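Dear colleague,

The structure we spoke about is below, with its sequence. My notes on it follow, arranged by topic.

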Amino acid sequence: GIASQAPAFLLPGISAYIGADIVASLLAADAHRSQPPFLLVDLGTNAETVLCANGMFYACSAAAGPCFEGATLSCGMAGQDGAIDTVSPDPERGLSFTTIGDAPARGLCGSGVLDALALLLDAGLVDETGRLEADASPLGARITDDALAFTDSVRFTQKDIREVQLAKAAVRAGIDILLREAGMETADVALYLAGGFGSAMRPESAARIGLIPEELSDRATVLGNAAGSGALRYATEEGAAESALGIIRRTRYIELSAHAGFTDAYVERMLFPERE
């Protein structure tokens with residue numbers, strides 16, 4: 001329906017679950033040029049993760065489910081006006097929060113969920129197994145009927161915490177597998193966060209719940225709309241199409257469901273990190 005004679009470009013993908021958007025994101029991250037090792041993570045219903053190391057690309061897709069997009073949470077919603085997007089501790093009220101568009105709170109989007117859970121863990125109101133329990137603190141006073149209340153109608157429940165556990169365990173286990181396959185440690189790599197959710201979340205909150213390695217929280221770079229930027233490079237920069245094909249040729253796709261170590265890694269990462 002576009003009245004134009006302009007050429008159309010279709011970027012190539014890597015596999016059925018690592019598509020052209022990830023190839024474009026890698027172009028945006030200059031992955032085709034020599035640089036230190038890095039992890040690129042695009043968080044969504046499927047968390048596509050690529051490790052660039054040893055002149056190779058190791059890729060996987062973890063089935064995180066729609067949890068981070070709010071679909072399976074009791075008061076979850078997309079990043080729209082009224083979504084709680086940041087949560088911070090408050091000595092008197094237990095917590096404070098902001099909403100997208102400064103609108104009245106209607107629910108929680110992904111970044112707000114991570115902040116809320118990180119806050120509960122720091123306050124000792126959620127243990128490493130994910131159990132929610134109130135105490136006499138101002139924040140604990142907000143917990144009733146197995147839920148943290150933000151308003152009368154917006155709550156973060158025990159069931160929601162379990163949903164986040166399942167999602168974050170899958171993503172983190174995928175990261176663990178890629179590092180193991182490449183013979184790398186977390187200390188060896190930087191982290192690039194792509195996609196709408198990845199660009200909005202606080203890396204420190206993601207690290208606190210165990211979604212990303214703790215060591216990478218201060219080495220995280222937000223790429224924003226990396227797929228869009230990479231697509232623009234593909235269509236306008238000389239040699240970009242050849243660079244994209246070069247990335248694909250050097251990529252090893254790892255099917256997590258068939259990997260011998262994934263189940264153990266998944267179960268291990270179900271727990272939340274303990275802090276002294």
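**The sheet and its hairpins**

Strands β1 and β2 form a hairpin, with 3 residues between them. Please keep in mind throughout that the model is predicted.

The two strands of this hairpin, β1 (residues 38-42) and β2 (residues 46-53), run antiparallel and are joined by 5 bridges. Two facing positions can be used to check the register. Phenylalanine 38 stands opposite cysteine 52 of β2, and valine 41 stands opposite threonine 49, also in β2.

On its way along the chain, β2 goes on to a hairpin with β3, which has 2 residues between the strands. In that hairpin asparagine 54 takes a positive phi near 60°. The pairing of β2 with β3 is antiparallel and comprises 8 bridges. Leucine 51 stands opposite tyrosine 58 of β3, while valine 50 has alanine 59 of β3 as its bridge partner.

Alanine 59 also faces β11, where it stands opposite tyrosine 253. Here the direction is parallel: β3 and β11 are joined by 3 bridges.

How many strands does the open sheet hold, and in what order? There are 6, in the order β10-β9-β1-β2-β3-β11, and the pairing is mixed. The edges are taken by β10 (220-224) and β11 (251-253). Each of these edge strands has a single partner, so one side of each is left without a neighbour in the sheet. From one strand to the next, the twist averages 20°.

Two strands of the sheet are mostly covered. In β2, 7 of the 8 residues are buried; in β3 (residues 56-63), 6 of the 8 are buried.

**Helix α1 and what it packs on**

Helix α1 lies across β1, β2 and β9 (190-194). Relative to β1, α1 runs at about 140°.

Helix α1 also packs on helix α7 (residues 240-249), at an angle of about 110° and with the two axes 10 Å apart. Why do I call α1 roughly perpendicular to α7? Angles of 65 to 115 degrees count as roughly perpendicular, and the angle of about 110° between α1 and α7 is therefore placed in that class. The crossing of α1 and α7 is right-handed. On the α1 side, the contact is made by Val23, Leu26 and Leu27. On the α7 side, Ala240, Ser243, Ala244, Ile247 and Ile248 take part.

**Aromatic pairs**

The structure holds 5 aromatic pairs; I describe two of the 5 here.

Phenylalanine 9 and tyrosine 234 form an edge-to-face pair, with 6.4 Å from centre to centre and 85° between the planes. This pair links distant parts of the chain, as its members are 225 residues apart. Phenylalanine 9 is in the segment before α1 (20-28), and tyrosine 234 is in helix α6 (residues 226-236). Which of the two counts as buried, phenylalanine 9 or tyrosine 234? Tyrosine 234 does, at 13% relative accessibility. Phenylalanine 9 has a relative accessible area of 45% and is partly exposed.

The other pair is stacked. The ring centres of phenylalanine 262 and tyrosine 266 are 5.9 Å apart, with the planes at 25°; planes under 30 degrees apart count as stacked, so this pair is classed that way. Both residues belong to helix α8 (residues 262-268), where they are 4 residues apart and separated by about one helical turn. Phenylalanine 262 is buried, its relative accessible area being 15%. Tyrosine 266, with 22%, is partly exposed, because buried means under 20% relative accessible area.

**A loop residue**

Threonine 186 lies in the loop between α3 (158-182) and β9. Is threonine 186 buried or exposed? At 15% relative accessibility, threonine 186 counts as buried. Apart from neighbours within four places in sequence, threonine 186 is in contact with Leu179, Pro213, Glu215, Leu216 and Arg219.

Regards

Terms used:
Residues are numbered from 1 along each chain as its sequence is written. This is a predicted model: local features need pLDDT of at least 70, side-chain atom pairs count only at pLDDT 80 or more; totals for chains, interfaces and linings use all residues. Side-chain values use heavy atoms; hydrogens and water are left out. Rings of Phe, Tyr and Trp (its six-membered ring) pair if their centres lie within 6.5 Å; planes under 30 degrees apart count as stacked, over 60 as edge-to-face and the rest as tilted. Buried means under 20% relative accessible area, exposed over 50%, partly exposed in between (1.4 Å probe, protein chains only). Two strands pair if DSSP finds at least two bridges between them. Axes are lines fitted to C-alpha atoms, for helices over the stretch in contact, and angles run from 0 to 180 degrees between N-to-C directions. Contact means heavy atoms within 4.5 Å. Angles under 35 degrees count as roughly parallel, over 145 as roughly antiparallel, 65 to 115 as roughly perpendicular and the rest as oblique. A crossing is left-handed if the near helix is turned anticlockwise from the far one by less than a right angle, and right-handed if clockwise.
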